[in-house]
Amino acid sequence: NYAGFVNPVGGYEIMDAMHKQCKRLGVEFTADEVEKIEGEKAPFTVTCKGGKVYQVLSVIVATGAKARWLGLAEEEKFKGHGLSACATCDGFFMRGKEVCVVGGGNTAFEDALFLSQFCPKVSIIHRREGFRADQVTVEQVKKNPKIELVLNSVPEKIIGTDSVEGVQVKNVKTGESNVIPCSGLFVAIGAVPQTEFLKSSLVALSDNGLVLADERTHTTLEGIFAAGI
(Lines give C-alpha, C1' and ligand atoms only; values in the text may rest on other atoms or scores of the structure.)
Protein backbone atom coordinates (compact mmCIF):
# COMPACT_ATOMS: atom_id res chain seq x y z
CA ASN A 1 0.00 0.00 0.00
CA TYR A 2 3.01 2.32 -0.35
CA ALA A 3 1.95 5.53 -2.11
CA GLY A 4 2.78 5.76 -5.81
CA PHE A 5 2.70 2.03 -6.59
CA VAL A 6 -0.31 0.81 -8.57
CA ASN A 7 0.56 -2.84 -7.93
CA PRO A 8 1.76 -4.22 -4.59
CA VAL A 9 5.52 -4.04 -4.07
CA GLY A 10 7.56 -6.00 -1.51
CA GLY A 11 9.48 -4.22 1.22
CA TYR A 12 12.90 -5.34 0.01
CA GLU A 13 12.16 -4.07 -3.50
CA ILE A 14 11.18 -0.66 -2.12
CA MET A 15 14.31 -0.53 0.05
CA ASP A 16 16.52 -1.43 -2.91
CA ALA A 17 14.93 1.29 -5.06
CA MET A 18 15.38 3.88 -2.29
CA HIS A 19 19.01 2.84 -1.85
CA LYS A 20 19.70 3.25 -5.57
CA GLN A 21 17.91 6.60 -5.64
CA CYS A 22 20.01 7.90 -2.74
CA LYS A 23 23.22 6.75 -4.45
CA ARG A 24 22.14 8.55 -7.65
CA LEU A 25 21.75 11.74 -5.62
CA GLY A 26 25.27 11.42 -4.21
CA VAL A 27 24.62 9.88 -0.78
CA GLU A 28 27.65 8.00 0.58
CA PHE A 29 27.01 4.64 2.26
CA THR A 30 29.39 2.99 4.70
CA ALA A 31 29.07 -0.24 6.68
CA ASP A 32 30.28 0.63 10.16
CA GLU A 33 28.92 0.82 13.68
CA VAL A 34 28.64 4.13 15.52
CA GLU A 35 30.37 4.02 18.89
CA LYS A 36 29.43 7.47 20.20
CA ILE A 37 28.23 10.94 19.29
CA GLU A 38 29.86 13.90 21.04
CA GLY A 39 29.20 17.62 21.17
CA GLU A 40 26.83 19.99 22.94
CA LYS A 41 26.02 21.68 19.62
CA ALA A 42 26.89 21.38 15.94
CA PRO A 43 29.29 20.36 14.57
CA PHE A 44 29.01 16.96 16.25
CA THR A 45 31.70 14.29 16.32
CA VAL A 46 30.53 10.84 15.27
CA THR A 47 33.04 8.11 16.15
CA CYS A 48 32.73 4.66 14.57
CA LYS A 49 34.09 1.38 15.88
CA GLY A 50 36.10 0.98 12.68
CA GLY A 51 38.11 4.05 13.69
CA LYS A 52 36.61 6.57 11.29
CA VAL A 53 35.50 9.93 12.73
CA TYR A 54 32.96 12.26 11.12
CA GLN A 55 32.37 15.96 11.80
CA VAL A 56 28.71 16.64 10.99
CA LEU A 57 26.21 19.48 11.27
CA SER A 58 23.25 17.20 11.99
CA VAL A 59 22.46 13.58 12.81
CA ILE A 60 19.34 11.53 12.14
CA VAL A 61 19.16 8.50 14.43
CA ALA A 62 17.10 5.73 12.80
CA THR A 63 18.63 2.61 14.32
CA GLY A 64 15.36 0.90 15.25
CA ALA A 65 15.27 -1.91 17.76
CA LYS A 66 16.41 -5.51 17.97
CA ALA A 67 14.36 -8.42 19.21
CA ARG A 68 14.35 -9.22 22.92
CA TRP A 69 15.21 -12.89 23.32
CA LEU A 70 14.43 -15.34 26.12
CA GLY A 71 17.99 -15.75 27.34
CA LEU A 72 17.99 -19.53 26.99
CA ALA A 73 21.27 -21.38 26.51
CA GLU A 74 20.12 -22.96 23.24
CA GLU A 75 19.03 -19.77 21.48
CA GLU A 76 22.15 -19.13 19.40
CA LYS A 77 22.15 -22.72 18.17
CA PHE A 78 18.56 -22.63 16.95
CA LYS A 79 18.30 -19.11 15.50
CA GLY A 80 17.42 -19.65 11.87
CA HIS A 81 16.73 -23.31 12.55
CA GLY A 82 13.19 -23.04 13.85
CA LEU A 83 13.75 -20.19 16.32
CA SER A 84 12.68 -16.75 15.12
CA ALA A 85 11.57 -13.35 16.35
CA CYS A 86 9.63 -12.54 13.18
CA ALA A 87 6.59 -14.63 12.33
CA THR A 88 5.81 -12.68 9.16
CA CYS A 89 9.41 -13.21 7.96
CA ASP A 90 9.82 -16.90 8.75
CA GLY A 91 6.33 -18.23 9.34
CA PHE A 92 5.90 -19.56 5.81
CA PHE A 93 8.71 -22.06 6.43
CA MET A 94 6.45 -23.64 9.06
CA ARG A 95 3.60 -24.45 6.70
CA GLY A 96 1.85 -27.63 7.87
CA LYS A 97 3.86 -27.79 11.10
CA GLU A 98 3.00 -27.15 14.76
CA VAL A 99 4.55 -24.03 16.28
CA CYS A 100 4.74 -22.05 19.54
CA VAL A 101 4.62 -18.30 20.15
CA VAL A 102 5.99 -16.74 23.34
CA GLY A 103 4.39 -13.52 24.61
CA GLY A 104 1.17 -11.92 25.79
CA GLY A 105 1.00 -8.65 23.86
CA ASN A 106 -0.48 -7.62 20.53
CA THR A 107 2.52 -8.85 18.56
CA ALA A 108 2.33 -12.35 20.04
CA PHE A 109 -1.41 -12.65 19.45
CA GLU A 110 -1.24 -11.22 15.93
CA ASP A 111 1.65 -13.59 15.15
CA ALA A 112 -0.43 -16.52 16.37
CA LEU A 113 -3.38 -15.51 14.19
CA PHE A 114 -1.06 -15.13 11.21
CA LEU A 115 0.58 -18.52 11.78
CA SER A 116 -2.77 -20.24 12.22
CA GLN A 117 -3.48 -19.59 8.53
CA PHE A 118 -1.03 -22.33 7.51
CA CYS A 119 -0.09 -24.17 10.73
CA PRO A 120 -2.38 -26.89 12.14
CA LYS A 121 -1.64 -25.90 15.75
CA VAL A 122 -0.24 -22.77 17.40
CA SER A 123 0.50 -22.69 21.14
CA ILE A 124 0.83 -19.30 22.84
CA ILE A 125 3.09 -19.52 25.91
CA HIS A 126 2.52 -16.72 28.42
CA ARG A 127 3.80 -16.28 31.96
CA ARG A 128 0.51 -14.89 33.31
CA GLU A 129 -3.23 -15.38 32.90
CA GLY A 130 -3.86 -11.77 31.87
CA PHE A 131 -2.79 -10.26 28.55
CA ARG A 132 -1.46 -6.92 27.33
CA ALA A 133 -3.01 -7.50 23.91
CA ASP A 134 -6.17 -5.65 22.87
CA GLN A 135 -9.32 -7.40 24.00
CA VAL A 136 -10.63 -7.68 20.44
CA THR A 137 -7.47 -9.53 19.40
CA VAL A 138 -7.61 -11.74 22.48
CA GLU A 139 -11.18 -12.75 21.63
CA GLN A 140 -10.16 -13.57 18.05
CA VAL A 141 -7.45 -15.87 19.39
CA LYS A 142 -9.76 -17.57 21.87
CA LYS A 143 -12.26 -18.31 19.09
CA ASN A 144 -9.60 -19.79 16.81
CA PRO A 145 -9.69 -23.61 17.10
CA LYS A 146 -6.07 -23.91 15.93
CA ILE A 147 -4.67 -21.79 18.78
CA GLU A 148 -4.07 -23.11 22.30
CA LEU A 149 -3.21 -20.88 25.28
CA VAL A 150 -0.48 -22.22 27.60
CA LEU A 151 -0.78 -19.84 30.57
CA ASN A 152 1.26 -19.27 33.74
CA SER A 153 4.15 -20.86 31.90
CA VAL A 154 7.66 -19.87 30.77
CA PRO A 155 10.04 -21.56 28.32
CA GLU A 156 13.05 -23.08 30.08
CA LYS A 157 14.69 -25.13 27.33
CA ILE A 158 14.56 -25.54 23.55
CA ILE A 159 14.53 -29.18 22.49
CA GLY A 160 16.10 -30.43 19.27
CA THR A 161 19.17 -31.78 17.49
CA ASP A 162 19.73 -29.72 14.33
CA SER A 163 16.48 -27.74 14.47
CA VAL A 164 13.68 -27.01 16.91
CA GLU A 165 11.71 -30.13 17.85
CA GLY A 166 9.98 -28.84 20.96
CA VAL A 167 10.08 -26.44 23.87
CA GLN A 168 10.19 -27.35 27.55
CA VAL A 169 7.97 -25.07 29.60
CA LYS A 170 7.63 -24.63 33.35
CA ASN A 171 4.39 -23.75 35.09
CA VAL A 172 5.21 -20.82 37.39
CA LYS A 173 2.45 -21.79 39.83
CA THR A 174 2.99 -25.53 40.19
CA GLY A 175 6.66 -25.73 39.24
CA GLU A 176 5.92 -28.63 36.92
CA SER A 177 7.67 -28.91 33.53
CA ASN A 178 6.51 -30.49 30.30
CA VAL A 179 7.56 -30.48 26.65
CA ILE A 180 5.41 -29.05 23.87
CA PRO A 181 6.35 -30.68 20.53
CA CYS A 182 6.81 -28.06 17.80
CA SER A 183 8.92 -27.30 14.73
CA GLY A 184 9.00 -23.54 15.24
CA LEU A 185 9.36 -21.22 18.21
CA PHE A 186 8.52 -17.55 17.66
CA VAL A 187 9.56 -15.07 20.35
CA ALA A 188 7.36 -11.97 20.65
CA ILE A 189 8.27 -10.39 23.99
CA GLY A 190 9.19 -6.92 22.77
CA ALA A 191 12.26 -5.22 21.40
CA VAL A 192 15.36 -3.44 22.72
CA PRO A 193 16.15 0.01 21.23
CA GLN A 194 19.61 0.14 19.62
CA THR A 195 20.64 3.34 21.33
CA GLU A 196 23.63 2.29 23.45
CA PHE A 197 25.88 4.69 21.55
CA LEU A 198 23.73 7.64 22.62
CA LYS A 199 23.99 7.08 26.36
CA SER A 200 27.22 9.09 26.59
CA SER A 201 25.73 12.04 24.68
CA LEU A 202 23.39 14.80 25.79
CA VAL A 203 20.35 13.34 24.02
CA ALA A 204 17.64 12.40 26.51
CA LEU A 205 16.47 8.79 26.54
CA SER A 206 13.50 7.17 28.22
CA ASP A 207 13.98 4.57 30.96
CA ASN A 208 13.77 1.77 28.39
CA GLY A 209 16.24 3.41 26.00
CA LEU A 210 13.92 5.13 23.53
CA VAL A 211 15.06 8.50 22.18
CA LEU A 212 12.80 11.28 23.44
CA ALA A 213 11.63 13.32 20.45
CA ASP A 214 8.72 15.60 19.57
CA GLU A 215 6.29 15.26 16.69
CA ARG A 216 8.82 16.93 14.35
CA THR A 217 11.53 14.35 15.28
CA HIS A 218 13.52 16.92 17.30
CA THR A 219 15.43 15.43 20.23
CA THR A 220 16.52 17.37 23.32
CA LEU A 221 19.69 18.45 21.50
CA GLU A 222 19.34 20.80 18.53
CA GLY A 223 20.75 19.26 15.40
CA ILE A 224 20.08 15.64 16.38
CA PHE A 225 16.86 14.06 15.16
CA ALA A 226 15.24 10.66 15.77
CA ALA A 227 13.05 8.60 13.47
CA GLY A 228 12.03 4.96 13.71
CA ILE A 229 13.06 4.12 17.25
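This passage describes a helix pair, two nonpolar cores and a three-stranded sheet in a predicted model. Local features were accepted at pLDDT of at least 70 and side-chain atom pairs at pLDDT 80 or more, while totals for chains, interfaces and linings use all residues. Residues are numbered from 1 along each chain as its sequence is written, and side-chain values use heavy atoms, without hydrogens or water.

Helix α4 spans residues 106-115 and helix α5 residues 135-143. Helices here are DSSP runs of H or I with at least four residues, strands are E runs of at least two, and both are numbered from the N terminus. The two helices pack at about 35 degrees, and their axes lie 10 Å apart. Axes are lines fitted to C-alpha atoms, for helices over the stretch in contact; angles run from 0 to 180 degrees between N-to-C directions. The crossing is left-handed, meaning that the near helix is turned anticlockwise from the far one by less than a right angle. On α4, the contact (heavy atoms within 4.5 Å) is made by N106, F109, E110 and L113. On α5, T137, V138, Q140 and V141 take part.

The largest nonpolar core holds 19 residues. Such a core is a set of buried Ala, Val, Leu, Ile, Met, Phe, Trp, Tyr and Cys residues joined through side-chain atoms within 4.5 Å. Buried means under 20% relative accessible area, exposed over 50%, and partly exposed in between (1.4 Å probe, protein chains only). V99, V101, F109, L115, C119, V122 and F186 touch the most other members. β7 (99-102), α4, β8 (122-125) and α5 each supply at least two residues. The largest contribution, 5 residues, comes from α4. Beyond its neighbours within four places in sequence, V99 has contacts that include L115, C119, V122 and F186. A second, separate core has 15 residues, among them L72, V164, V167 and V187.

Three strands form an open antiparallel sheet in the order β10-β11-β12. Pairing requires at least two DSSP bridges between two strands. β10 (153-160) and β12 (177-181) are the edge strands, each with a single partner, so one side of each lacks a neighbour in the sheet. Neighbouring strands are turned by 30 degrees on average, direction ignored. β10 and β11 pair over 7 bridges and form a hairpin with 3 residues between them. P155 is bridged to V169 in β11. Strand β11 (residues 164-171) is joined to β12 by 5 bridges. Here Q168 stands opposite V179, and G166 is partnered by P181. The β11-β12 hairpin has 5 residues between its strands, and G175 takes a positive phi near 80 degrees.
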